[in-house]
Amino acid sequence: MLKINLLPKEEVQELRLELISSQVFQFWLWTIITLGIVFALSLSGTFLIAQKIDANKAEIENKKRSLSSESTKQLEQEVSNLNRQIA
């Protein structure tokens, strides 16, 4: 099928440039949107990981405190005494 274009060459070129310009604009728009989403996801991931690390540190501190309590030391002493008696 034969295409007949009755527009002058300048207008055809302008239409092509407008199309290319629109495509380039859309490309950069989607690129910026995608980068924004990736940045937001990485920021939220970092926040969640930091929160989990803080929770784990607090749990470790609580367990260290419970291990250094007097009742634990007494139990450890009793176990040591029993081991010496058995041996």
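Six residues, Leu-17, Ile-20, Val-24, Phe-27, Trp-28 and Ile-32, make up a nonpolar patch on the surface of this predicted model. Together they offer about 640 Å² of accessible area. Ile-32, one of these residues, belongs to helix α1. Its relative accessible area is 59%, and Ile-32 is therefore classed as exposed, since the exposed class begins over 50%. Phe-27, another member of the patch, has a relative accessibility of 49% and so counts as partly exposed.

Phe-27 also takes part in a contact between rings. Its partner is Trp-28, which is likewise listed in the nonpolar patch. One aromatic pair is counted in the model. The ring centres of Phe-27 and Trp-28 are 5.0 Å apart, and the ring planes stand at 75 degrees to each other. Planes over 60 degrees apart count as edge-to-face, so the pair formed by Phe-27 and Trp-28 is edge-to-face.

A patch of another kind involves charge. Glu-10, Glu-11, Glu-14 and Glu-18 gather on the surface as a patch of negative charge. Glu is counted as negative, which is why these side chains can be joined as like charges. Of these residues, Glu-11 can be placed within helix α1, which covers residues 9-67. Glu-11 has a relative accessibility of 40% and is therefore partly exposed, because that class lies between the 20% limit for buried residues and the 50% limit for exposed ones.

Further along the numbering, opposite charges meet. One salt bridge is counted in the model, and its partners are the side chains of Glu-59 and Lys-63. The distance from N to O is 3.6 Å, and the pair qualifies because the cut-off for a salt bridge is 4 Å. Glu-59 and Lys-63 both sit in helix α1, and because they are four residues apart there, about one helical turn separates them. Glu-59 has a relative accessible area of 42%, so this residue is partly exposed.

Conventions. Residues numbered from 1 in each chain as written. Predicted model: local features only at pLDDT ≥ 70, side-chain atom pairs only at ≥ 80, totals over all residues. Heavy atoms only, no water. Patch = residues over 30% accessible without salt bridge, like charges linked within 9 Å, V, L, I, M, F, W, Y side chains within 5 Å. Areas by Shrake-Rupley, 256 points an atom, 1.4 Å probe, with all protein chains shown as cover. Charge placed at Lys NZ, Arg CZ, Asp CG, Glu CD. Helix = DSSP H or I, 4+ residues; strand = E, 2+ residues; numbered from the N terminus. Buried < 20%, exposed > 50% of the residue type's maximum accessible area, 1.4 Å probe, protein only. Phe/Tyr/Trp six-rings, centres within 6.5 Å; stacked < 30°, edge-to-face > 60°.
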